[in-house]
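Here is a set of short exercises to work through with the viewer open. Try each task yourself, then compare your reasoning with the solution below it.

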Amino acid sequence: MSPALLLLLPLLSVVVIFFGTKWSGTLSALVSVASVAGSLGVTLALFSTDSSMVAMNWIALGDVLQVDIGLRWDRLARGMMFVVTLVGTLVHVFSLAYMREDEAKARYFGCLSLFMFSMTGIVLADNLVMMFIFWELVGVSSYLLIGHWFTKASAADAAKKAFITNRIGDFGFLIGILMLFGLTGTVSFTGLENWLAGGHAGASAGLLTAAALCLFCGAVGKSAQAPLHVWLPDAMEGPTPVSALIHAATMVAAGVFMLVRVGFLIEASETAGLVIAWVGGFTALLAALMATQQDDIKKILAYSTLSQLGYMVMVVGLGSGEAAMFHLYTHAFFKALLFLGAGAIIYACHHEQNIWKMGGLKTRMPITFAAFGIGTLALIAFPFTSGFFSKEAILDIALHENKLLFLIAAGVAFLTAFYMSRLLVVTFLGAPRSEHAGHAKEVSVIMFVPLLILAFLSVVAGYKPVAELLQAQLPDVHWNWFVFFVSLATMLAGAGLGFLRYLDKRSEPKVIPVLANKFYFDEAYGWAVRNLQDGLAWVVRGLDALFIDGLAVGGITRLTEGVGCLFRRVITGNLQAYSYLFGVGVFVLIYFTVFLR
Amino acid sequence: MGILDILIILPVLAAALIGFGAPARVTALATAGVNFLASLYLFFWCRGQVADSAGYFFRTSTPIAENPGINWALGVDGMALVLVLLTTVVTLAATLFTKGDAKHARLLFSSILLIAAGALGAFLSTDIFFFYAFHELALVPTFLGIGIAGHGDRKAAAWKITVYLGVGSMVLLIGLLGLVLHASGAGGVTFDMVELMAHGATLGGATQNWIFAGLFIGFGILVSLFPFHSWAAPAYASAPTPIAMMHAGVLKKFGLYGLLRLAVPLLPQASQGWAINLLLLLLLGNILWVGLITIAERSLDTMLANSSVMHMGYIFLGVACFNVVGSSGAVLLMFAHGISIALLFGLCGKLRDDVGTVRFDMLGGLGSVAPGFAFVFGLGAFASIGLPGFANFAGEVMVFLGSFKDFGGEIGRLQVTAMLAVWGIVISAVYALRAYRNIFQGEVSAASDSRVITKGWRFPSYLLIAALLIIGCFPNLFLNLLPSTDSAVPGSAATASQTSDHHGHDHDHDGH
Amino acid sequence: MIIRRSALVILMCLEIMLSAANLALVAFSRFRLEAGLPDYDGQMLVFFVITVAAAEVAVGLAIVVALFRSRRTIDVTTLTSMSH
Amino acid sequence: MPAYILELIVVGLGLILLLLESFLPRLGAKGLAAIGSVGLLVVLFLLPSVTGAPSESTGIIWKFYSADSLALFYKGLALITTILVLMMSVVYVPVMQRYLGTGGGVGEYLILPVFTCAGLMWMASANDLTSIFVSLEVVTIGFYIMVAYMRRNVGSLEAGVKYLILGAVSTGFLVYGIAFLFGVTGQTNLDVISTVLGLLEGQDKIILFSFALLLVAFGFKVAAVPFQMWVPDVYQGAPTPTAAFLSVGSKAAGFIVLSRIVDAFLGDHGVQTGDGSYQDQIQRVLLVVAGATILFGSLAAIPQTNFKRLMAYSSISHAGFILLALACAYPVRMDMASGEVVAFYLAAYLPMTMAAFFVLCIVRSSRGEEEISVLDGLGKRSPFLAFVLLVSVMGLAGIPLTVGFLGKLYVFQAALDQGHFVLLAIATLGAAAGFYYYFKVVRSMYWNAPSDQDAIAVGTGSRVLLALLAAAIIFLGLNQGIILGFLR
């Protein structure tokens with residue numbers, strides 16, 4: 001059995017769904033679920049092997065350029081693959097129920113399979129170009145899934161925004177790839193590693209930093225780091241299972257995964273690492289602040305995702321890819337859990353997403369509440385949940401590497417506890433604040449089973465034996481009581497404040513406009529797009545019509561015609577004038593010939 | 001008469017038959033089909049064979065004139081083969097897209113065939129005279145087709161393209177003649193490309209620069225290089241669908257093909273001089289300036305036209321790389337762009353015919369009315385903005401890689417240009433997704449409501465998409481046919497440096 | 001000639017021009033003495049010119065007559081019917 | 001058989017036709033034209049079999065007359081042109097009769113071209129100032145009559161007067177020029193003059209002066225700027241076959257003589273440009289005149305609405321191209337002398353112009369105007385005529401695979417070879433403007449709706465002839481070897 005199967009299964013599913021099922025929803029769902037379950041099975045079966053292979057020569061141009069579809073099956077890939085396929089399987093199953101009544105089920109499951117295919121490609125890629133290929137494909141599947149309900153203007157716009165924002169990141173990513181190719185003549189990770197190990201001939205430190213940072217741009221886009229984070233909250237317009245799978249657990253983590261893959265490059269440049277760490281820390285703080293004032297349950301989770309991704313990016317920048325991957329792994333479970341839980345709530349409340357119109361769901365949806373609660377605990381790093389271990393590692397590394405970032409990280413931990421307890425309190429406790437919430441019922445078994453599995457994993461995944469079993473990367477950190485107490489204190493303080501402030505409130509006690517409006521990022525970007533890009537486009541179009549087409553092309557045309565008319569005037573039809581001109585012509589010609597030499 | 005002659009002459013004969021009253025659609029379809037199969041046969045045949053010393057297959061040459069040496073010389077190498085395939089595929093699709101009972105059907109079908117014949121002739125000729133001549137001839141049905149069967153402001157548009165391309169081809173003629181006169185060896189003036197290659201690279205740097213500038217401006221006008229692009233949008237917007245498909249998809253590639261065929265191998269030193277700076281500047285104009293114009297367009301046809309102009313910039317970048325990666329990328333991109341723009345123009349024409357408008361503000365939500373159509377259009381749109389899996393991506397990525405190849409750690413003008421050009425992928429995403437959003441997504445508009453897209457688009461669209469996907473997933477199918485080292489291009493800089501190479505040795509010898 | 005309006009007068013002027021040229025020819029041939037004799041090539045040419053001029057005038061007069069018949073005038077300034 | 005027999009045969013043919021016209025009036029225009037054409041055709045077939053000057057100069061005639069390949073080539077052109085003009089005239093006869101009144105016959109109109117043809121053929125061979133002058137006048141006087149032939153038509157008469165007066169002025173300058181050249185060299189034979197000029201020193205000014213005077217005269221003949229004013233009016237006013245004859249026959253003859261004269265002045269000593277000699281100056285003058293002519297012809301053609309005026313300006317512009325070729329006297333990298341390029345261009349020009357005028361004749365005989373708009377919708381009304389005209393204007397515009405393209409190609413090549421980049425730019429502009437105004441015709445034929453739907457009747461003979469011309473435009477475009485073969 002080879003890792004190539006992991007790519008083939010979802011691809012096959014896509015092909016079958018798009019061309020073989022005649023858009024039958026049930027059939028497509030079955031095919032899709034089967035393929036992802038198969039992928040999970042293959043991943044588990046291949047857990048103990050370590051291999052690399054070339055599946056196909058994609059571009060082969062003599063010895064000048066070689067780009068393969070090559071697979072690299074190492075611990076990093078295995079761990080990531082496990083996360084992707086497991087969460088994927090659970091989300092697929094959850095979707096069976098969640099999307100039961102959707103008209104375009106076949107398209108939905110087809111796109112899910114496409115996503116699984118692309119994500120697998122990223123994880124397995126053994127070179128930058130291949131990673132870029134699947135990177136883009138992931139972007140497309142994300143576009144399609146966000147815009148699943150495309151007749152809704154907001155969904156269509158969100159999909160477009162996500163894709164374009166990602167492309168801006170890819171702009172940098174591609175340039176990074178180009179620089180590295182230009183320097184080394186290869187794009188494969190092994191080749192790059194060897195080149196770096198051999199003293200990276202021909203590259204100045206500045207260029208290396210630039211290349212690393214360009215690659216990081218890709219991660220900024222995909223992992224929604226500031227300032228390109230704006231697409232992720234909007235992406236919540238997609239179906240909730242999609243948010244769980246793509247916009248929480250896997251795709252947005254691809255940026256982090258990629259950074260870890262090219263970690264050897266980041267290590268080679270101190271500046272690049274520092275920039276990355278600060279971008280991560282900044283994003284974490286910014287997103288946590290914004291999360292405290294959101295009213296949409298999915299948006300809160302989205303900002304929380306942003307914030308956690310910020311953690312991961314920060315720690316990659318600080319030099320520990322393992323810690324980042326460990327957090328990625330635990331985060332995938334509890335964040336998927338939270339999203340699916342949110343999905344269950346939304347489903348139960350008839351697609352109500354505003355937390356202020358919920359409330360009292362604890363009694364009506366006890367299983368969901370339990371699962372959601374566990375997820376929350378893991379997210380706020382309650383001791384001895386999985387999230388606790390991974391966050392501990394991050395804080396520890398931050399403490400050693402950069403004190404300022406440690407402070408920020410601790411602040412984010414506080415804020416996380418605060419907004420999550422707010423979410424929990426407002427949604428589940430108190431009295432129902434709307435009719436839908438009042439009539440909510442516990443969801444079906446097909447929906448809560450995935451929740452329970454994820455809840456279980458959210459608790460146990462952090463323990464070393466489990467993590468090792470599941471091929472997660474384990475950071476090399478030692479128990480640090482200082483970090484433990486800081487973490488505990490911030491968590492308790494945040495959670496306590498959240499409980500006290502929001503218990504039995506019917507609406508937001510104090511609106512902080514700057515946070516509620518997400519620091520006006522969207523407004524600023526909207527303004528820039530409208531006025532800078534579109535305005536510039538109109539101006540350019542106008543200039544083009546005026547100068548190039550009008551003045552240059554049109555001017556030359558008119559000039560030619562004008563001169564033609566002028567010449568025509570000479571031919572007056574009057575014989576005397578002709579004779580006169582003839583005479584002048586003779587004189588001019590003779591003068592020119594004889595005297596003007 | 002070899003297979004290459006047949007490829008060229010068959011469509012001419014068929015067009016004549018249509019002119020004399022043969023059933024238009026059937027004749028055109030049969031011809032396009034036969035040509036398509038013939039080119040496929042050619043494609044697979046060439047893969048198993050070894051080319052002759054000049055790199056060609058099926059080379060034939062019949063002298064037309066002694067001195068200046070003009071020959072009816074045909075031959076096909078990898079690059080030509082790619083473009084021949086492009087031509088026959090797009091011809092078939094354009095024929096399929098056109099209804100037999102359309103207005104001016106006879107004219108349209110014979111124009112398709114004549115343009116195809118002209119393009120094939122240009123791509124297959126290894127003699128500069130016929131290379132140039134065939135392209136010019138193919139322009140005539142284009143002009144007539146737009147003028148007679150176009151829509152909108154057809155007369156003005158046809159007039160503009162006629163005069164504009166007329167000027168362009170005159171400039172080009174000067175450039176080509178300059179090349180022919182200066183690159184011909186002592187044995188008299190020859191128009192034969194193979195002989196020129198053998199004598200090439202003996203030109204001085206300044207001469208190379210001048211000729212290169214002449215060539216890229218001449219070819220550039222035909223390919224709508226910035227700032228000579230303003231003919232494209234009105235012409236494609238008013239052109240009848242098959243004419244737009246054929247011109248934008250196939251015929252426009254002539255100029256780029258010419259640059260790759262002549263300028264890159266024969267004028268390698270031009271990659272150092274001022275001429276290349278100018279080219280780099282202008283191609284950025286294509287990508288960024290025209291890209292912005294494309295964003296501002298509010299109608300599908302003009303948007304597609306401008307996007308096509310914009311994408312030419314990437315191919316020019318591939319040419320400007322002056323190395324095998326960039327050239328190969330440019331070839332792939334020519335193929336990919338030709339197919340995808342033909343697909344989009346075909347679908348756009350369908351939209352115009354069946355819905356009655358292509359203006360964004362009047363369309364919307366078509367995706368729920370005609371999901372299959374939306375799906376196919378989406379594939380075309382994503383292909384054109386370089387989504388991996390489609391051939392466009394393979395081409396673009398190779399062009400970009402080519403521009404950075406061996407840059408030696410110093411970010412030079414080529415690299416800066418490439419970096420700015422990469423921003424084009426964002427621009428193209430913006431306009432393509434906006435167009436898709438406006439036409440297919442959102443609320444169903446009054447114009448889109450209850451309109452049925454009539455039959456006839458599926459098969460040609462699938463054909464084109466299949467071509468894009470196959471080459472996108474297996475670009476090696478084409479790359480195997482192309483030279484894989486710089487030295488395989490005779491007379492290039494790399495050849496000169498590899499003196500131990502037998503090939504290079506020969507040329508040094510010829511030079512003295 | 002340029003300022004004349006009558007076609008007839010213009011024709012006469014043209015004849016004078018030719019005569020002047022003839023004179024030049026004769027003069028040149030006279031100055032080129034070869035063995036004491038003028039170069040007769042030039043003088044021979046003069047005869048040709050005179051003959052041809054006669055033919056030209058014959059045709060010219062016919063045209064002028066036709067012009068007069070159809071227009072009742074031979075004023076050349078009225079000849080501006082061409083569009084352009 | 002010595003070459004000059006051909007001219008004698010042609011003159012004899014003309015005399016026979018005159019007699020026939022007088023004594024067999026029921027022969028009619030068609031009969032005359034047929035006999036004339038057949039006779040000329042016979043002469044055409046005799047052309048390859050004639051011999052040039054014998055090795056030892058036996059007859060006085062060879063002092064005035066040469067029969068080199070170039071001369072024979074131009075004789076062929078003259079014959080073909082005349083045959084076509086005769087055919088065209090037959091079609092045009094009904095139009096003419098409208099303007100001739102009761103007493104007027106059209107017989108002479110069909111016979112004069114034969115005499116003029118003899119003159120043209122003689123001009124092709126003329127290599128002495130005397131024979132140049134006489135043959136030129138034979139041609140010119142013939143044209144005076146043909147231009148003014150429609151004596152009840154105001155335009156024709158007006159054109160005749162203008163052509164007559166300006167033509168006579170140019171004749172005057174020709175004689176002046178001859179006189180001065182004779183004065184400098186003491187010779188009338190061009191070959192001898194060339195040798196003598198090579199020996200003269202310090203007389204640049206007077207040599208240039210005589211050249212300028214000759215250039216005035218031939219500039220008038222070939223319609224070079226600034227002696228081109230007559231062309232539009234005369235083309236417009238003259239009967240259409242005469243306009244065609246003027247634009248091809250007269251121009252060709254003018255160019256053969258001009259190229260002989262230029263050859264005589266430049267000598268064959270291979271002077272390169274830029275050394276300040278009078279040869280250099282002559283090339284410069286030719287270049288300037290060529291540039292001005294191309295510019296004027298191409299640009300002034302743009303606003304024209306009358307088809308014949310358009311053709312007139314086009315003829316001016318083409319003259320510019322030919323002058324440009326003439327000025328590139330010593331192409332190094334080409335295996336074609338400039339005279340050959342000129343001859344090729346003219347040969348290429350023949351079928352294209354003839355086809356265009358022929359179509360116009362036919363259209364004119366059914367509709368009474370000659371505006372471009374008369375062609376509106378011709379593509380619908382008469383696809384055949386439209387197609388022939390399309391091929392013809394494509395050729396004139398220089399679209400490849402037509403013979404017109406080759407003509408331009410060689411001119412461009414010669415100019416490039418000599419490095420005349422400014423002229424190249426002007427030529428490019430001119431050719432591009434050509435696209436503009438020639439395609440006006442195409443636009444009118446194909447894009448515009450017809451003003452009336454009636455099909456235009458085309459006789460079988462005309463049909464065959466037009467098809468032949470169109471085929472020639474394309475066929476010669478593909479096989480330039482044929483023309484080059486005749487040339488050498």
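**Exercise 1: the C–D interface**

Task: How many residue pairs in polar contact (both at pLDDT 80 or more) does the rule find across the interface of chain D and chain C?

Solution:
- Begin with the rule: a polar contact is a pair of N or O atoms within 3.5 Å; within protein, one must be able to donate a hydrogen and the other to accept it, and residues adjacent in sequence count only if both atoms are side-chain atoms. Applied across the interface of chain D and chain C, with both residues at pLDDT 80 or more, the rule finds zero such pairs.
- Next, see which elements take part. Those giving two or more residues to the side of chain D that touches chain C are α3 (61-64), α6 (129-147), α7 (154-185) and α10 (230-237) of chain D; helices are DSSP runs of H or I with at least four residues, strands are runs of E with at least two, and both are numbered from the N terminus. The largest share on that side, 24 residues, is from α7(D).
- Now sort that side of chain D by class: 23 residues are nonpolar, 12 polar and seven charged. Here Ala, Val, Leu, Ile, Met, Phe, Trp, Tyr, Cys and Pro count as nonpolar, Asp, Glu, Lys and Arg as charged, and the others, Gly among them, as polar.
- Salt bridges (a side-chain nitrogen of Lys or Arg within 4 Å of a carboxyl oxygen of Asp or Glu) also number zero across the interface of chain D and chain C.
- Finish with the area: about 3,500 Å² is buried between chain D and chain C, 77% of it on carbon and sulfur atoms. Buried area is the accessible area (1.4 Å probe) that two parts lose on being put together, summed over both.

A note on conventions: this is a predicted model, in which local features need pLDDT of at least 70 and side-chain atom pairs count only at pLDDT 80 or more, while totals for chains, interfaces and linings use all residues. Residues are numbered from 1 along each chain as its sequence is written, chains are lettered from A and ligands numbered from 1 in the order in which they are written, and side-chain values use heavy atoms, with hydrogens and water left out.

**Exercise 2: the A–B interface**

Task: Which chains share the most contacts among the five pairs of chains in contact?

Solution:
- Chains A and B share the most contacts of the five pairs, where contact means heavy atoms within 4.5 Å.
- Chain A contributes 50 residues and chain B 61 residues, and about 5,200 Å² is buried, with 75% from carbon and sulfur atoms.
- Four salt bridges are counted between chain A and chain B. In one, R434(B) pairs with D534(A), and the closest N and O atoms are 2.9 Å apart.
- There are 15 residue pairs in polar contact between chain A and chain B (both at pLDDT 80 or more).
- On the side of chain A that touches chain B, β1 (51-61), α5 (128-146), α6 (153-184) and α25 (521-570) give two or more residues. The most come from α6(A), with 17 residues.
- By class, this side of chain A holds 34 nonpolar, six polar and 10 charged residues.

**Exercise 3: two salt bridges inside their chains**

Task: Is R422(A) buried or exposed?

Solution:
- R422(A) has 0% relative accessibility and counts as buried. Buried means under 20% relative accessible area, exposed over 50%, and partly exposed in between (1.4 Å probe, protein chains only).
- The side chain of R422(A) forms a salt bridge with that of E508(A), at 2.7 Å from N to O. The two sit in distant parts of the chain, 86 residues apart: R422(A) in helix α19 (residues 403-428), E508(A) in the loop between α23 (481-502) and α24 (513-516) of chain A.
- E508(A) is buried too, at 13% relative accessible area.
- For contrast, take E237(A) and K152(A), whose side chains meet in a salt bridge at 3.2 Å, N to O. E237(A) lies in the loop between α9 (231-234) and α10 (240-249) and K152(A) in the loop between α5 and α6 of chain A, so this pair ties together parts 85 residues apart in sequence.
- E237(A) counts as partly exposed at 24% relative accessibility, and K152(A) counts as partly exposed at 41%.
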